[in-house]
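Student: I have a structure to look at, and I would like to understand the words people use for it. Could we go through them together?

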Amino acid sequence: MTSENTTEQPTAPVTTATSAKPTGWKFWLDNIQILVIALILAVLIRVFVAEPRFIPSDSMVPTLAVGDRLVVEKISYSLHPPQFGDIIVFDPPPQLQEMGYQKDQAFIKRVIGQPGQTIAVRQGRVYVDGQALTELYIAEPPEYQMLPVQVPDGMVFVMGDNRNNSNDSHVWGFLPQQNIIGRAWLRFYPLNRIGFVTATKTADNASVPPSSAPVAQAVAVNG
């Protein structure tokens, strides 16, 4: 028998491919860029899309309670004007600033009158163009009277649901639409009251008289 000598050829070492990871200054630069982008997006969302607000007063009771946290969306009114029943957040008009409120001290109320409509309050009822509203969302009927007033172009008439404890249009007049920050969209706190904030129809689903005139196109909110 002949023995056959075999020799094994040396094998090349196997290298494991690994993804290069940033080190040193590049690591910090990448993270700073991500942080800056996130901050820019947060600012853009807050300015143009939505922002959180909280309720410090009881002017919108029983619909909104003191301490409620809301998301206020800012897109709707670039597409259409405020509608009856919308709950809106707005910067104080000149009349309120003359009363001592700061320019950035936001308020929250419900839209009751649109341009061209006539609003009056008598015998515990609110009237829009002579039609009495049946409002199940208010705390109690208003105990004051208000002679008929017509809402001018580019304005809305707003009221708090807590009619007898609300500093609203029956006190200081009409709200310029340009002062509107956005529409109360979602209550996210307290947890047992999470839900969308929707415009409320009248109790008997009666249609509110349409406007006869063309319509011009977490921070606390006051009452």
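Student: What makes the confidence in this model high or low along the chain?

Tutor: This is a predicted model, and pLDDT is the predictor's confidence in each residue, from 0 to 100. The protein averages 82, and 73% of the residues score at least 70. Residues 203-219, though, have a pLDDT below 50, and this stretch still has 41 contacts in the model beyond near neighbours in sequence.

Student: Why is Phe188 called partly exposed?

Tutor: Its relative accessibility is 32%. Buried means under 20% and exposed means over 50%, so Phe188, at 32%, counts as partly exposed.

Student: Where is Phe188, and what does Phe188 contact?

Tutor: Phe188 sits in strand β11, residues 180-189. Leaving aside neighbours within four places in sequence, Phe188 is in contact with Pro52, Arg69, Leu70, Val71 and Ile194. Pro52 is 136 residues away along the chain, yet the two C-alpha atoms are separated by 9.2 Å.

Student: What makes a group of residues a nonpolar core?

Tutor: The members must be buried nonpolar residues joined through side-chain atoms within 4.5 Å. The largest such core has 14 residues, and Ile112, Ile119, Val121, Val126, Leu133, Phe157 and Met159 touch the most other members. Strands β5, β6 and β9 each supply at least two of its residues. Apart from it lies another core of 12 residues, including Met60, Leu64, Ile87 and Ile181.

Student: Which nonpolar residues form a patch on the surface?

Tutor: Phe27, Trp28, Ile32, Val36 and Ile40 do, with about 520 Å² of accessible area together. Ile32 lies in helix α1, residues 25-48.

Terms used. Residues numbered from 1 in each chain as written. Predicted model: local features only at pLDDT ≥ 70, side-chain atom pairs only at ≥ 80, totals over all residues. Heavy atoms only, no water. Buried < 20%, exposed > 50% of the residue type's maximum accessible area, 1.4 Å probe, protein only. Helix = DSSP H or I, 4+ residues; strand = E, 2+ residues; numbered from the N terminus. Contact = heavy atoms within 4.5 Å. Patch = residues over 30% accessible without salt bridge, like charges linked within 9 Å, V, L, I, M, F, W, Y side chains within 5 Å. Areas by Shrake-Rupley, 256 points an atom, 1.4 Å probe, with all protein chains shown as cover. Salt bridge = Lys/Arg side-chain N within 4 Å of Asp/Glu carboxyl O.
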